[in-house]
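This report describes selected local features of one protein model. The sequence and structure are shown first.

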Amino acid sequence: MEQPTDSMEITGINSYHIDYEMDAPFEPSWYPELEQHVHKVQLYEVETDAGISGITSVTGDASRVDSLDLAREYLVGEDPRHIEQRLDDLASLNSYGPRPWHFEIAFWDIKGKEVGKPIYELLGGDGDPIPAYASSGELRSVDERLDWVADRVDEGFEAIKLRFHSDDMAEDVAVARAVREAYPDLEIMVDLNMGWSFAHPGGGTWTFDDALSVARDLEEIGNIGWLEEPFNQRNYERLARLREKTDIPIAGGEFNNGVHQFREFVEHDALDVLQPDVMLSAGISKTKLIAGLADMHGLQFAPHTWNDGIGFAANVQLLACTNPSWCEYPIEPPGWSLDTRDFLLEEQLTAEDGAIVPPSGPGLGIDLDWDLVEELSESTA
Ligand SMILES: [Mg+2]
């Protein structure tokens, strides 16, 4: 193992845009008019004068927004291991440009690689398996969804997440009822995706009464893990009002920006389940603070992980050093298969018996398929 060096500087940031052709189209429920054929990832490699590089990425539409010039200006010449100082730089980037929290993941990757340990070990965690729920991503008919659930139950999952986004919400409720009838003990989470996807064509918005009526149906269906993002992600008051009226736990936070918006959730009694994503919401250090906030207020902590394989691994590292209720395990084949999700990784992060074992290699614990990166990317460096 290499000894930590006294000084280290970021010498550059390489950026690669990668378009991965999916085996089958994917129609995300949260973006009703989109048929996705390509998984777009912006990959970043933060290089240092110690010969260690850290990796990070941005997935999907967020990857179209380029913060690279600004990031280089603020980060090159600085020590990536002084993460609290670098977070101040990222806070400036957050003010000036698109959210920058993913860069902090590369700093942790560098720190872990320097001492030969996974990030979770640096942050007091362990390698125990983390219970995972299978997270779907499309609206499907009752029969198609029952087939998907059967596959997940065979794989050992004890909890699954359904998407509600149909024009006629009775169709979504019918899917949940059918799953409940077939699997009386399965825990069912429900994601409405109204937190931010209202901005998409056809993304829609729900009224308070729509959400309350679905919550009542779900109370009757029973054993519902949570109802996720019924309203705009910053409508704290409305979330709190719904939470008061139903026994179903209310979840959210995947695309909220920065730790202070999570404090707002808590101060408004808006949520039962905090769902930050280390890539999108706050980075690893601050998301650990959010986990502490959840713990102190008796809330569940169940991060959003729907990213490429790098983002999934980064969230799993954080999960392994906190006390989460669940790990989200995105899986909606044939479009959003593990091949699509983890195409950048040498080895897929596969759940076993409904749990995910955090990768124990140095840093993020993953190896990238650099030959594939080279083949598919245009370097935008
Ligand atoms: Mg969600």
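D277 caps the N-terminal end of helix α10, with a side-chain oxygen 2.8 Å from the backbone nitrogen of M279. The model is predicted, so local features need pLDDT of at least 70 and side-chain atom pairs pLDDT 80 or more, while totals for chains, interfaces and linings use all residues. Residues are numbered from 1 along each chain as its sequence is written, and side-chain values use heavy atoms, without hydrogens and water.

Helices (H or I, at least four residues) and strands (E, at least two) are DSSP runs numbered from the N terminus. The table describes α10.

| Feature of α10 | Value |
|---|---|
| Residues | 278-296 (19 residues) |
| Distance between end C-alpha atoms | 20 Å |
| Span of a straight helix at 1.5 Å a residue | 27 Å |
| Kink centred on S285 | about 90° |

The expected span is 1.5 Å times one less than the number of residues; the bend is the angle between axes fitted to the seven residues ending at a residue and the seven starting there. After α10 comes G298, with a positive phi near 65°.

The magnesium ion has the protein donors D191 (OD), E228 (OE) and E254 (OE) at 2.0 to 2.2 Å. Donors are N, O and S atoms within 2.8 Å of the metal (3.2 Å for Na, K and Ca); water is not among the atoms, so sites may look incomplete. E228 lies in strand β7 (residues 224-228), and E254, 26 residues apart from E228, in the loop between β8 (250-252) and α9 (259-267). Both E228 and E254 are buried, that is, under 20% relative accessible area (exposed is over 50%, partly exposed in between; 1.4 Å probe, protein chains only).

Notes: Polar contact = N/O pair within 3.5 Å; in protein donor to acceptor, adjacent residues only side chain to side chain.
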